[in-house]
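Dear colleague,

I am handing over a structure for you to look at, and below it I have written out what was found in it. Please keep the model open beside this message while you read.

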Amino acid sequence: MARTPVVAGLATGGLLTWNVSNVGAAADRLADAYGVSLAAVGLLTTALFLTHLAAQLPAGRAADLRGARAVALAAIAAAVAGNAILLTTDLWGMALVGRLIVGVGSGAGFVAGLDLVRAAGGGPFLQGLYGGATMAGGGLALIVVPPLAAAAGWRAAYWTALVLAAAAAVPVLAAGGLQRVGHAAGTVLRDRRLLPLGVLQAATFGLAVVAGVWVVPLLERQGASPALAGAAGGMVLFAGIATRPWGGRLAHGGRRTTLVVASLACMALGALLLAAGGPLALSAAGALLVGLAAGVPFASIFAAAQRLRPDAPGAAVALVNGCAVLTILVGTPLAGLAFDLPGEGRIAFAVLAALVVVAVPAVPRAGLGGGVAAPPLAPTGVEDG
């Protein structure tokens with residue numbers, strides 16, 4: 001296994017996902033700077049996820065054809081360019097343009113980073129570690145950006161993102177000589193074998209992000225302080241940092257199926273604890289359970305996608321993860337509507353639990369119990385970089 005490409009993959013995924021939550025971490029200051037409402041600032045995150053989703057499949061196909069290193073460098077360039085625009089304007093319209101460009105970088109970077117790990121020979125554990133790195137990037141932004149923005153101004157949300165994206169380029173530039181597929185299969189979108197994996201990624205990562213967004217207002221309406229509610233919301237995302245690599249270490253053969261079913265059951269239970277509206281300690285435990293359980297299937301899901309399509313591993317990863325991003329785009333505003341209904345948002349978490357349970361029948365059809373992830377494949381004998 002080549003270590004430099006693994007480091008490059010971890011850096012690409014971890015550092016570019018800073019952009020997913022850096023705007024939300026400085027939302028009030030950005031609203032003042034642009035002279036808009038918080039809802040308008042929220043659209044900056046929506047803009048990022050739109051192009052994040054749109055970029056994934058083209059990035060996966062490009063990684064299969066040109067190599068993950070080239071795609072990673074293009075993703076870093078997009079993140080740098082978009083944040084450079086954001087740093088030089090206080091116009092909301094131009095900020096929207098900048099975030100659309102950054103979303104191309106974050107979406108392509110997720111796919112390229114994971115494919116760098118795969119191409120270097122990284123198995124389920126390292127792919128799970130990659131998943132943890134992507135969670136850490138967004139989670140750390142929520143911790144680091146608020147005090148920086150208070151001390152240095154609203155542009156801290158953007159210059160930190162630019163510096164981190166540029167830093168990711170260093171190991172990526174050093175990660176040459178990787179074997180690559182050398183062609184892009186055109187049948188990934190029609191490959192029904194990948195759809196159960198997409199359902200599972202949507203039910204775990206996608207719904208966990210939706211839960212993380214709305215846990216804070218849910219608990220505040222139950223009487224929690226903003227600090228406690230924020231800590232509980234953070235657990236939904238941060239817990240996956242540990243369980244994604246842990247799930248990869250345990251993901252061997254038939255054990256994967258049992259592991260994923262158990263994870264879905266625990267995630268549904270956590271969502272039900274949140275929906276119950278009981279004591280705050282119980283709700284906080286539910287938030288932690290959702291976060292822990294959602295991270296476990298990550299490595300099993302993507303190892304299976306790469307194994308099913310060794311001719312197009314990048315495109316397969318992009319399609320599967322795109323299902324989760326689409327779930328975030330659609331599910332986040334829909335869950336917010338529940339706060340205008342009786343129950344102060346608890347209905348949203350009851351529906352979330354039901355959706356997780358509905359995903360269980362996809363497990364036996366997802367091909368999780370096969371052998372190890374596909375090794376680096378280069379039928380044309382070409383190298384990346």
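Let me start with one helix, and please bear in mind throughout that this is a predicted model. In α8, the residues that are buried are A156, A157, Y158, T160, A161, A165, A168, A169, P171 and V172. If you ask what covers these buried residues of α8, the elements include α1 (3-16), α2, α3, α4, α5 (68-87) and α7. The length of the helix can be checked as well: α8 runs over residues 156-174, and because each residue is expected to add 1.5 Å, its 19 residues should span 27 Å, which agrees with the 28 Å between its end C-alpha atoms.

One residue that touches this helix deserves a closer look. N83 is found in helix α5, and it counts as buried because its relative accessibility is 0%, while the cut-off for buried is under 20%. Leaving aside residues up to four places away in sequence, N83 touches N19, V102, Y158, A161 and L162. In addition, a polar atom of the N83 side chain lies 2.9 Å from the backbone oxygen of A79.

Next come the open spaces. The largest pocket holds about 1500 Å³ of space, and 41 residues line it, with G24, T45, L142, G212 and V213 lying nearest its centre. Which elements supply at least two residues each to this lining? They are α2 (18-25), α3 (27-34), α4 (38-66), α7 (124-152), α9 (195-221), α10 (226-250) and α14 (313-337), and the largest share, 8 residues, comes from α4. Sorted by class, the lining of the largest pocket has 23 nonpolar, 16 polar and 2 charged residues.

The second largest pocket holds about 330 Å³ of space, and of the 18 residues that line it, L207, V210, G331, L334 and L355 are the closest to its centre. Here α9, α14 and α15 (346-358) each supply at least two residues of the lining, and α14 gives the most, with 7 residues. The lining of the second largest pocket divides into 16 nonpolar and 2 polar residues, with no charged residues.

There are also enclosed spaces, and the count comes to 2 cavities of 30 Å³ or more. The largest cavity has a volume of about 40 Å³, and the residues that line it are M135, F205, A208, V236, L237, G240, R244, G291, A294 and G295. Two or more of these residues come from each of α9, α10 and α12 (280-295), with α10 giving the largest share, 4 residues. By class, the lining of the largest cavity is made up of 6 nonpolar, 3 polar and 1 charged.

Finally, there is a point about the backbone that you may wish to find for yourself. Most residues other than glycine have a negative phi. E344, however, has a phi near 55°, a positive value in a residue other than glycine. This residue sits in the loop between α14 and α15. Is E344 buried or partly exposed? It counts as partly exposed, because its relative accessibility is 40%, which falls between the 20% limit for buried and the 50% limit for exposed.

With best wishes

Methods:
Residues are numbered from 1 along each chain as its sequence is written. This is a predicted model: local features need pLDDT of at least 70, side-chain atom pairs count only at pLDDT 80 or more; totals for chains, interfaces and linings use all residues. Side-chain values use heavy atoms; hydrogens and water are left out. On a 1 Å grid over the protein atoms alone, a cavity is a set of points where a 1.4 Å probe fits but cannot get out, and a pocket is an open set with protein on both sides within 12 Å along at least five of seven lines; lining residues have an atom within 4 Å of a point. Grid points are joined across faces, edges and corners, and a volume is the space filled by probe spheres set on the points. Ala, Val, Leu, Ile, Met, Phe, Trp, Tyr, Cys and Pro count as nonpolar, Asp, Glu, Lys and Arg as charged, and the others, Gly among them, as polar. The expected span of a helix is 1.5 Å times one less than its number of residues. Buried means under 20% relative accessible area, exposed over 50%, partly exposed in between (1.4 Å probe, protein chains only). Contact means heavy atoms within 4.5 Å. A polar contact is a pair of N or O atoms within 3.5 Å; within protein, one must be able to donate a hydrogen and the other to accept it, and residues adjacent in sequence count only if both atoms are side-chain atoms.
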